[in-house]
Amino acid sequence: MEKFKNVVIGFGKAGKTLAKFLAQHDEEVLLIERSNQMYGGTCINVGCLPSKNMIINGQRHLEFADAVAKRGTMTKQLRNKNYHMVADEPLATVWNGQASFVGNHELKVAMADGTTRQVAAERVFINTGATPVWPKVPGLTPSERIVSSKEAMELAKKPARLAIIGGGYIGLEFAEMFNSYGSEVTILDHHAQLLGREDADVAAEVTNDLANLGIKIELNAELTSATDNGQQVLLTYQQAGQKRQTEFDAVLVAAGRRPNIDGLGLENTDIALTKRDAIQVDQYLRTTVPNVWALGDVNGGPMFTYISLDDFRIVKDQLFGEGKRTTADRNVVPTASFLTPPLANVGINERQAQADNKDYLVFKLPVKAIPKARVLEDQRGVYKAIVDRDSHRILGATLYAAESHETINLIALAMKAGLPYETLRDMIFTHPTMSEALNDLFKAPVK
Ligand SMILES: Cc1cc2nc3c(=O)[nH]c(=O)nc-3n(C[C@H](O)[C@H](O)[C@H](O)COP(=O)(O)OP(=O)(O)OC[C@H]3O[C@@H](n4cnc5c(N)ncnc54)[C@H](O)[C@@H]3O)c2cc1C
Ligand SMILES: NC(=O)c1ccc[n+]([C@@H]2O[C@H](COP(=O)([O-])OP(=O)(O)OC[C@H]3O[C@@H](n4cnc5c(N)ncnc54)[C@H](O)[C@@H]3O)[C@@H](O)[C@H]2O)c1
């Protein structure tokens, strides 16, 4: 059995950043990654960056096949850079193999070259990411035509008719992406409203804009079967008590992602799972086994790259700092769905303010009132903010507007600093920008 002080399982955002950090701080570290096509993890290979690249190239009217090729070139470069970022550290070792626990601190690694290695570690960091949820529907099994987001970005040609199961982050971003390449897109979601957690007024604007692009939206749609005849897929679903059937050239399954614990051998350890089959961690990301941590999507926290990075910061602070940083510090987490225009959120919305019985003010500004939106020739959307009536602190905001994925970070900063809304109302901003409209947003509450 080989011995390492630190073993990281998975080359994700937290894992790779931690491995490099440890190696640069005189600690020997082994990083195990099961696929040589995944050095650097989900985000750079099959997630955030390739999807945004394909979204942008669709807007630039590239042919689908050219955009797929460009995406491949970009991810190859990123993968190589990420590999060397860790592997070139003298104290770091990278193994290409599938790790599974045989004891609390012992692992068996099925190496890509067919050999098996055994390793024991003082500390283990699990960073194995997430995997698509595959609804249990007869016939809905992976094939050349029934794919997840990864394979959708690798298709040989654009599907003329694409069904997307799920209208969440991936569903909506990919709907617009494929629409821009000329596919006829239908989103099927089993909920009554797209973006179920959004305020109804904002969700209606987004839904309307998607429909105006020609994207078909089937809500309250309960998929009952899929029949893949080797050329097309016939989807059958129930909607408003009626049986409906439509044929598609491809089906993208985007029904959520779950923590990836498959094949990890956790049954050979004392590592506990949550009710939702995530690795159970405390606010320091410690599992139920001493000196074993779980970071990133696998621990059941919010599934975003920047959360995985923050998980790294929490563990780094324990190992090398004061040990004070925890998940409880995450009171302000902005998010953005990269639609056109993007939909960005931070804190609570009006729906949540009502549910929490908050005493709040609502500020709202239509995007068409913003000069920069006219310059950008995209006047769709709305700015909306919720403010505590007594303290004047911002409780949350939803920005559905051009450049909102950037502007939201300003509001997040104001919230993190505990600033009253008047700071943004009275601040001097550059012009013409989308952020200067925060002056106008906060002029007078509408409620
Ligand atoms: C299509 C798509 C778009 C996305 N867009 C965004 C976005 O715009 N912004 C954003 O913030 N987030 C986005 N996300 C989410 C984001 O990609 C993830 O939250 C993030 O990458 C998770 O990183 P991680 O550190 O948990 O691990 P990951 O990056 O998922 O890495 C886990 C690694 O572990 C490896 N592995 C798994 N099991 C084993 C094992 N047993 N042995 C060895 N190796 C193993 C895997 O091969 C993988 O490389 C997107 C996700 C998808 C799918
Ligand atoms: N821009 C970003 O930050 C970004 C982009 C992509 C993905 N992500 C991350 O990846 C995660 C996974 O994305 P996702 O879109 O797969 O999940 P999601 O949770 O965002 O959305 C899943 C959707 O599928 C629907 N659904 C579930 N089961 C269904 C069924 N049987 N039939 C019809 N509809 C069904 C749900 O109602 C929901 O609307 C996201 O939650 C997010 O954390 C982030």
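N291 counts as partly exposed, with 14 C-beta neighbours inside 10 Å (a residue is buried if 20 or more other C-beta atoms lie within 10 Å of its own, exposed if 12 or fewer, and partly exposed in between, with C-beta atoms placed from the backbone). N291 also has a positive phi, near 65°, in a residue other than glycine. This is a predicted model, in which local features need pLDDT of at least 70 and side-chain atom pairs count only at pLDDT 80 or more, while totals for chains, interfaces and linings use all residues. Residues are numbered from 1 along each chain as its sequence is written, and chains are lettered from A and ligands numbered from 1 in the order in which they are written.

A positive phi, about 65°, is also found at D26, again not a glycine. D26 is exposed, with 7 other C-beta atoms within 10 Å.

Turning to the proline bonds, the peptide bond from T340 to P341 is cis, with omega near -5°. The bond from H431 to P432 is likewise cis, with omega near -5°.

As for the ligands, 36 residues surround ligand 1, and G10, G12, G41, G129 and G296 come nearest (a residue is near a molecule if its C-beta atom, placed from the backbone, lies within 6 Å of it). Around ligand 2 there are 24 residues, of which G166, G168, I170, A255 and M303 come nearest. Helix α6 (169–180) and strand β17 (335–337) each give two or more residues to this shell, and α6 gives the most, with 4 residues (helices, H or I, of at least four residues and strands, E, of at least two are DSSP runs, numbered from the N terminus).
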